[in-house]
Structures are given as structure tokens and as C-alpha cells.
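Welcome! Here is a short guided tour for someone meeting this structure for the first time. Please keep the 3D view open as you read.

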Amino acid sequence: MLKKMYYRKGKVNQGALFFNLFYLTLLFASCQTKVDDKKTEQPPNIIFIMSDDHAYQAISAYGHGLNNTPNIDRIANEGALFTKGYVNNSICAPSRAAMLTGKHSHMNGKVDNILPFDWSQDNFAKHLQTAGYETALIGKIHLDGIPQGFDYSNVLPGQGQYYSPEFIENGIKKTYQGYITQVTTDLTLDWLDKKRDEKKPFMVMYHQKAPHRTWMPEEKYFTLFDDTQFTPPDNFFDDYEGRPAAADQEMGIYKDMDLVYDLKMLDKEKEIKTPYRGMFQRQYDRMTDEQKKAWDAYYDPIIKDFKSKNLEGKDLALWKYQRYMQDYLRTIQSVDDGVGEVLDYLKENGLEENTIVVYTSDQGFYLGEHGWFDKRFMYEESFRTPILMKYPKEIKAGSKINNLIQNIDFAPTFLDYANVEIPKDIQGESFRKLVSGEASEWRDAIYYTYYEYPAEHKVKRHYGIRTDRYKLIHFYYDIDVWELYDLEQDPTEMKNLYDNPEYASVQENMHKQLQDLRKKYGDSDELTQQNLERFLDAKGIEK
Ligand code: SGN
Ligand code: CA
């Protein structure tokens, strides 16, 4: 693309020198104001990279020391690292719907993974398309129906599979050989290189399945972390005192993680009997004979060793934690490789300067905090999500953004960069000026909702507010419990301060702010009740 532009410029220079000087004078005159300046610029390309369930703790740029992600880190080193990125609803499809529409779940209708998403509503890709962008969606999206707003889509049906994955290309199902993360990267590079219209600016959503459950690594990373002893978080053996909703979940590493499905103890003797054994067998069977051979060569000795140990209690809990961490982090290594390939492609093709690259996840994830895996809760590790972003033209390398950013902000931000008018009903805000350092005004609180209950992992329905320092949560439906946290004093959220007299005025103030925020975003007790009824009807649960 760049080569073509230079060629065109060269022709003008040689062919009509006088006309060119005249043209340059005119151009100079028209560049007097910043607004005119923007109009003459080529709109930026956008690469929106997202992985599924990628905890910020597992990105080395965030400094937790668990693993090394040099390519994802490159985005922050050359641009900005967001230290307070959050989602509106910590579960896959609702988070993606919020990113596409720029609206909270109760406004875009996709409140949980179960109720349908309406693709006919507005989304930012549709607006970019109308403004002349070439758009593509590749990989996981988890929103049923044919994606709207994309010139090209090649997406996973539902959750997708790690080996020999199926994709739906512009509506047609196809199985690809190989490992999902590499296939998704190859499809993205192929679209960038061969499929898109090079005359147009582009926006591609490059969305990985990994590191989503059930964490099946790529062969080249089987042995990575074999010699690493991971230290569990301080609250790994949480007793959930004063937090009944946290006590009543099904996402404990010790009590709920399946030895076969999650931890790969698929013994040939079938002595390890677990509820999800058959489900894992189906994933295993997708591998080629060669892949199975390599898989068994690595996992069989671990299975043998595990069986010989007869672990119980605390020892079993810690063994499960190590096993979980190894495979989870291995799948991330392949994600990081893919990011490297895409960044290299931009560089090698002269696209680096005018392309915005964003890396994020559909939500955070528990890596043993409170003893958990999975997400859904409004507690920090799943509410928070990694955000890294670069755009050499406007973002200073090594920037740190400490403001409360939320996934509903992506849509208006992308439209802002593309100089497309932001629709009035979008609830997120553009953080373009915040990141460039041109503005410092920003919101002081964010709103959260979670609706998928009763369901898998048993995380109760709740909503709440987070300010820079405090968090107020209300769990409802089969419970009526409020929680208040002082994140400065208690960053791991172990002490529920609700009704603690020392925090009486904080509590009152947080209630008021929550009310204001619900009003601002158009949410209410009535709407919450309606969404509950929709869910119970869909699931056939008696009211
Ligand atoms: C699947 C997983 C859950 C996970 C949900 C939602 N179970 O149902 O562990 O919480 O997806 O994840 S599995 O047995 O199918 O692996 S989400 O990221 O898509 O929201
Ligand atoms: Ca997810």
C-alpha cells in the first residue's frame, strides 16, 4: 500500500513541476488548522487483538513475574500500558457485545452467555465500514449469528477447539489442520497480506481462543515451566469469611477443577474417573496420530507419577495449582508468538506508523487468587483486564494510563481515531486524548453487572461500582448481601467492610454514587428484575 502511494507521489513530481508547486502552496494554506490537518491525513488502521481469559497477571509488562511475554510487552514498550482497565460484565459474550456496541449489557441486550445477541443493532465496525474502512473479524467472537459490520469474517463456532479447529468463514464451516492459535494468526496475516482492499484503511479484530479452558498447549511448549515452581497467591486457601457469595461458588482449583478435563490426567487404564473425562477425550481425539504421540510422550509420565503419589488435601490442591499454571501459561506463549508475527508484519510492510494496535482480553481470570480459576466475580482479578496499546503518531512510548478505563470505551475510541462521529447513545467514552496526554479529565467511577446465575460455576448475580479506592457490590436473587472494600487497605478483597461503623460515610457515599451511575447508564431495579425473568424463562426455571 505504502509503495503505491510513493509511486503516485513520484509521478506528480516528475510530470508537472509547476502544477506541483501550485498544489503544495494550496496544501500548505489548507493545513493552517488542526481540524484541516486531520482531514488530509490517511485514517489510521486498527488491529484489535483480544485473547480469551488472559489474566493481566500473566503478561510480563504488568510485572507479576509469572511468565515472559516479550511480544505483547512490545505494545506497551512502544505505546501505553493501562493499569486500570476493566470490563462491564466479566464473561465472554457480554464483554464482546459491550466492546462492539460501546454500551452496557442492559442496553445492548447481551447480558449473559445464554441469551441471544442482536447483530442488527449498531456496532463500531459498521460505522467504520460506512466511513470507508475495510473490516475483518477473525477467531473467537462467541456471539451467535452472522457477524454484521465486517467485509470478511472467519470465526469459531462457540468456544472453538484447540486442535484441528473449526471456523465459519463468511457463513461456511470449515476444519483447519493444526493448532488454533497459529491458525488464527495465519488467517489474520493472510487477510492482511492478500484479502483486504489495500486502497482502504483497515480494522481487523484478531481474536484468540487461548488461554480459555481447557488449556491445551502447543507441542513446542509442552516442557516450558517444567522446572518452575509457582508460588500460589497469599489468599489461595481463602476461608471466605464475611463473603457468603464467594463461599458458594464452583470454581475452586481444589474442589472443582477436573483432573482429566482441566489437568490432562487421561490415563489409558481409565482408572481416573471424573465427570468431564468424556469431554476431554473428545478434544484429545481431534489431534492427529502424530500430535497424540507427542502429547502422550509428555503427559503419560506425569499421569504415572500422579497416580503413584495418591495426593490428598493441601498437597493435592497445590499439585493442581502447579499443573493448572503450567498449561494455562503455555497456551499464552503461543498467543505471544502470534502477536510477534503480526507486529513484525506491520513493520516489514511499512504499516507500523499509521496502525493502532490494541491488546486486551474479554475479561481477567483467577490464577489461584481466593483459590479459584475462572472469572465472573466483580473482585479485581476477573473484573480487571489487560489493555496495552500503541500508535506511534500519538502515543508516547512507555506511557502509563492509571485512569479507570472500561471495555465500553473501545468503540468510541476507535471511532474517534478514525474521525468518525461517535453516536450519541454510546455509553463509553473515547480515551484518545487521555492517552496522547492532551486531556486529563476522566470519570471517577465505573459500573459493573453480572447476570449468569443459576449456571455453571455458580457465581451469584450481582452489580456494583468501583471508584479509585472503594468497591461496593450487591449480590441478589437467592441472597441479598452487600459488600464494601477499601482497595487501598485491602487490595486482595478479603475483608468485607459493609456496615462497619468506621466506613459509614464511605458506605453512604458509595450507595449514592452507585445510584447516580445506574441512573446515568439507564439501569434500575426494574430492569434488573426483567433481565432475571428473561433468564429464568430461557432456562425454564420456576420463578
Ligand atoms: C465454558 C467453560 C467454563 C467457562 C465458560 C464461559 N466450561 O462453559 O469454565 O466459564 O465457558 O467462558 S467448559 O467445560 O466448556 O470448558 S467464556 O469465556 O466463554 O465466557
Ligand atoms: Ca472469556
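What you are looking at is a predicted model. Let us begin at a metal site and work outwards from there.

**The calcium site**

The calcium ion (ligand 2) takes its protein donors from Asp52 (OD), Asp53 (OD), Asp362 (OD), Asp362 (OD) and Gln363 (OE1), at 2.1 to 2.8 Å from the ion. Around this ion, six donor atoms subtend angles of 51 to 170°, so the arrangement is irregular. For comparison, the ideal angles for six octahedral donors are 90 or 180 degrees. Written along the sequence, the spacing of the donor residues of the calcium ion (ligand 2) is D-D-x308-D-Q. Asp52 sits in the loop between strand 1 (45-51) and helix 4 (70-78), while Gln363 sits in the loop between strand 9 (355-361) and helix 14 (380-383), so this pair ties together parts that are 311 residues apart in sequence. Asp52 has 0% relative accessibility and therefore counts as buried; Gln363, also at 0%, counts as buried too.

**A neighbour of Gln363**

Arg384 is found in the loop between helix 14 and strand 10. Is Arg384 buried or exposed? Its relative accessibility is 15%, so Arg384 counts as buried. Leaving aside residues up to four places away in sequence, Arg384 touches Tyr56, Tyr62, Thr83, Gly85, Tyr86, Gln363 and Gly364. With Gly85, the C-alpha to C-alpha distance is 5.7 Å, although the two positions lie 299 residues apart in sequence numbering.

**The ten-stranded sheet**

Next, find the open sheet, in which 10 strands follow the order 7-6-5-4-8-1-9-10-2-11 with mixed pairing. Its edges are strand 7 (172-175) and strand 11 (399-401), each of which pairs on one side only. On average, neighbouring strands of this sheet are turned by 15° against each other, direction ignored. Within it, strand 2 (residues 80-82) pairs with strand 10 (residues 387-390) in the antiparallel sense, and Ala80 stands opposite Met389 of strand 10.

Two helices meet this sheet. Helix 15 (residues 410-417) packs on it, touching strand 1, strand 9 and strand 10, and makes about 175° with the direction of strand 9. Helix 13 (residues 313-348) lies across strand 1, strand 8 (202-207), strand 9 and strand 10, and also runs at about 175° to strand 9.

Helix 13 deserves a second look. At 1.5 Å a residue, its 36 residues should span 52 Å, and its end C-alpha atoms are 53 Å apart, which agrees. Of those 36 residues, 27 are buried, so helix 13 is largely enclosed by the rest of the structure. After helix 13 comes Gly350, with a positive phi near 65°.

**Strand 14 and its partners**

Our last stop is strand 14 (residues 462-467), where six of six residues are buried. His462, Gly464 and Arg466 point one way, and Tyr463, Ile465 and Thr467 point the other way. This table shows how strand 14 pairs.

| Partner | Sense | Bridges | A facing pair |
|---|---|---|---|
| Strand 13 (residues 445-450) | antiparallel | six bridges | Tyr448 and Gly464 |
| Strand 15 (residues 470-475) | antiparallel | five bridges | His462 and Phe475 |

Strand 14 and strand 15 also form a hairpin, with two residues between them.

How values were computed:
Residues are numbered from 1 along each chain as its sequence is written. Chains are lettered from A and ligands numbered from 1 in the order in which they are written. This is a predicted model: local features need pLDDT of at least 70, side-chain atom pairs count only at pLDDT 80 or more; totals for chains, interfaces and linings use all residues. Side-chain values use heavy atoms; hydrogens and water are left out. Donors are N, O and S atoms within 2.8 Å of the metal (3.2 Å for Na, K and Ca); water is not among the atoms, so sites may look incomplete. Four donors count as tetrahedral if all angles lie between 85 and 135 degrees; four count as square planar and six as octahedral if opposite donors are over 155 degrees apart and all others between 65 and 115; anything else is irregular. Helices (H or I, at least four residues) and strands (E, at least two) are DSSP runs, numbered from the N terminus. Buried means under 20% relative accessible area, exposed over 50%, partly exposed in between (1.4 Å probe, protein chains only). Two strands pair if DSSP finds at least two bridges between them. Axes are lines fitted to C-alpha atoms, for helices over the stretch in contact, and angles run from 0 to 180 degrees between N-to-C directions. Contact means heavy atoms within 4.5 Å. The expected span of a helix is 1.5 Å times one less than its number of residues.
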